[in-house]
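Reader: Hello! I would enjoy a close look at one part of this structure, with a little of its surroundings afterwards. Here is what I am looking at.

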Amino acid sequence: MSLIKEALKQVLKKPATLNYPIEKVPVPEGFRGRPIWDMRKCIGCGLCSRVCPSGAIEMIGKGPQAEIKHYVDRCMFCAQCAESCPRNAITMSQEYELADFDRSKMVYEYKHV
Amino acid sequence: MGYGSVIKVPFGPQHPALKEPEHFTFEVEGDVVVNVKPRIGYNHRGIEKAFERRTYIQNIYLAERICGICSDAHTTCYTQAIENLLGVEAPPRAKYIRVIIAELERIHSHSLWVGIAAHEIGFDTLFMYVWRDREVVMNLFEMISGNRVNYATNTIGGVRRDIPSEMFPKIKKGLDVLEKRLKYYLDVAQTEQTILKRTSGVGILKPKDAVELCAVGPTLRASGIKNDVRADDPYAAYDEIPFNVVTHDGCDVLSRIIVRCKEMFESINIIRYALDHIPSGMIRVRVPMAVPEGETVSRVEAPRGELIHYAKSNGTMQPERYKVRSPTLGNIPALCKMLLGGRVADIPIVLAGIDPCFACMDRMAFVDLKTNKKWVWTMDELKEHVRRNNL
């Protein structure tokens, strides 16, 4: 019965849960969301696709003209690609609502400009 | 009891009391459990083989995904093993950061367990409030590492992310809130009749049995045995940080609750000490991609108990063999002992009492649970077994 006081206190308060998705909390700085490639910095070394533990990064072509395909359905947001990139071309964004019913829509393509 | 009075009750692999698939056959006489036969392996994911197919860097994240709750314990153990093989040591600041993350993880894991234990005895009010307050530590994790569950903090040769000093006051504030709440929950656990009636005297594991059956972690410490890898074989910065190994000699589920609650206070004190005494300097050393030939064993005190990783390298960028012995596997023989003589209604709470993590546990192993004998098959023996059974 000792929890009754606690329970009554909570009755007068707002629920502890969030009314998601209507209500959202901002993610903290340094959150590991969807990685984004800055193709102006990318030199096409392919290190990101080699270190990726889940095979979520595909490089098409070679060298400075290579294209990057990022399969967000396989990505586990470990940020190893961003860490390994010699030119700091990859940043982890704050995007996290990435789910979709269609896996083919969960591919992000980056081309050199 | 006459012939036919023993009834076999299958339990799992799909069962509401266990969130993970595992099977137990209980032989009951009336309401009393007389025999327990565990059948493990439903959650086998071939992780150890997957280790052999990936590079050392990729394996950090694979090790992290052996278990969702003790993800940091697995990476600490993995990186320590590989650092051993490489002959490098993490810088002092990295070691302190490892301790901070590991202890925060212990708080989150133990408070999660307190909630689950409350749920198993039908005390959902406590379950809800403990989990509400657990959000404090989850938010701290998100702030420090960028994710609530898979922190990806450890890397071979140190840690990947520094904890800036601006975060220290926030962490300490979070710890103050947690300490206040946890004091309240410890008080509830020791005085609330709902908990006392369901847990005291239930799932008895005598100290002698606990040692003989190789129980680990809070399960062993709740039987009064002082055993903790952090104190016995210090890793990271545990040799520089003072702390007590919490034991309780109740030997029942209640004492497992008390041990875990008190361990959380120890964790809070360890984090406070680590934040006050953290040395400045580098957080990682650069290491080569290929690891020289050798084999090693690494031990870590995960929230559930002693975790052992074994690694064998062959000079390439991928390990030749990797083996994980998770604490839950060590606790299964002890669990079977605890259940004997108990009542059917107490099965869920006794099962939950060891804080089982079957995702961690399920991998290839030959263990005779009756004699606790372990052995390894040669390739020929395995082939012979396959031939004999037409597999």
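In which kind of crossing, left-handed or right-handed, does α4(B) pass α11(B)? Please take me through that helix packing and then outward from there.

Author: Happy to! One thing to keep in mind throughout is that this is a predicted model. The crossing in which α4(B) passes α11(B) is left-handed.

Let us start with the geometry of that pair. Helix α4 covers residues 92-120 of chain B and helix α11 covers residues 253-277 of chain B; their axes lie 9 Å apart, and the packing angle is about 155°. Angles over 145 degrees count as roughly antiparallel, and α4(B) and α11(B) are therefore roughly antiparallel to each other.

Now for the residues that make up this contact. On the α4(B) side they include B:Tyr96, B:Val99, B:Ile100, B:Leu104, B:Ile107, B:Trp113 and B:Val114. Facing them from α11(B) are, among others, B:Ile257, B:Cys261, B:Met264, B:Ile268, B:Ile271 and B:Leu275. Sorted by class, the contact of α4(B) with α11(B) has 16 nonpolar, 3 polar and 4 charged residues. Among the charged participants are B:Glu103 and B:Arg106 in α4(B), along with B:Arg260 and B:Glu263 in α11(B).

Helix α11(B) has another packing partner to look at, namely α6(B). The axes of α6(B) and α11(B) come within 10 Å and cross at roughly 160°. That angle makes α6(B) roughly antiparallel to α11(B). Here again the handedness can be stated: α6(B) passes α11(B) in a left-handed crossing. From α6(B), the residues taking part include B:Phe168, B:Ile171, B:Leu175, B:Leu178, B:Leu182, B:Tyr185 and B:Leu186. In α11(B) they meet a set that includes B:Ile258, B:Phe265 and B:Arg272. The classes for the contact of α6(B) with α11(B) come to 16 nonpolar, 1 polar and 3 charged residues.

It is worth setting the two lists side by side. B:Ile257, B:Cys261, B:Met264, B:Ile268, B:Ile271 and B:Leu275 of α11(B) appear in the contact with α4(B), and these residues of α11(B) also appear in the contact with α6(B).

From the helices we can move to the sheets of chain B. One is an open sheet of 3 strands in the order β6-β7-β8, with antiparallel pairing. β6 (294-302) and β8 (319-325) of chain B stand at its edges with a single partner strand each, so one side of each has no neighbour in the sheet. Neighbouring strands of this sheet are turned against each other by 15° on average, direction ignored. Between β6(B) and β7(B), which run antiparallel, there are 9 bridges, and a hairpin joins the two through 2 residues. One bridge pairs B:Glu301 with B:Glu306 in β7(B). On the other side, strand β7 (residues 305-313) of chain B is joined to β8(B) by 6 bridges, and B:Ser313 has B:Pro319 in β8(B) as its bridge partner. A helix also belongs in this part of the picture: α3 (residues 71-86) of chain B lies across β6 and β7 of chain B and runs at about 150° to β6(B).

Another open sheet of chain B has 3 strands in the order β1-β2-β3, paired antiparallel. Its edge strands are β1 (6-11) and β3 (32-39) of chain B. On average, neighbouring strands in this sheet are turned by 20° against each other, direction ignored. Strand β2 (residues 23-29) of chain B is joined to β3(B) by 7 bridges, and one of the bridge pairs is B:Phe26 with B:Val36 in β3(B).

Finally, let us look across to chain A. Contact between the chains involves 18 residues of chain B and 17 residues of chain A. The elements giving two or more residues to chain B's side are α2 (56-64), α5 (124-145) and α6 (167-191) of chain B, and α5(B) gives the most, with 6 residues. Helix α6(B) thus has a place in this picture twice, as a contributor to the side that touches chain A and as a partner of α11(B). By class, that side of chain B has 8 nonpolar, 5 polar and 5 charged residues.

Chain A itself has 3 helices and 5 strands, which run α-β-α-β-β-α-β-β from the N terminus on. Its radius of gyration is 20 Å, well over the 13 Å that the globule rule gives for 113 residues, so chain A is more spread out than a compact globule. Along its principal axes, the C-alpha trace of chain A spans about 70 × 30 × 25 Å.

Note on methods:
Residues numbered from 1 in each chain as written. Chains lettered and ligands numbered in written order. Predicted model: local features only at pLDDT ≥ 70, side-chain atom pairs only at ≥ 80, totals over all residues. Contact = placed C-beta atoms within 7 Å. Helix = DSSP H or I, 4+ residues; strand = E, 2+ residues; numbered from the N terminus. Pairing = 2+ DSSP bridges. Axes fitted to C-alpha atoms, helices over the stretch in contact; angles between N-to-C directions. Parallel < 35°, antiparallel > 145°, perpendicular 65-115°, else oblique. Left-handed = near helix turned anticlockwise from the far one by under 90°. Rg over C-alpha atoms; globule rule 2.2 N^0.38 Å.
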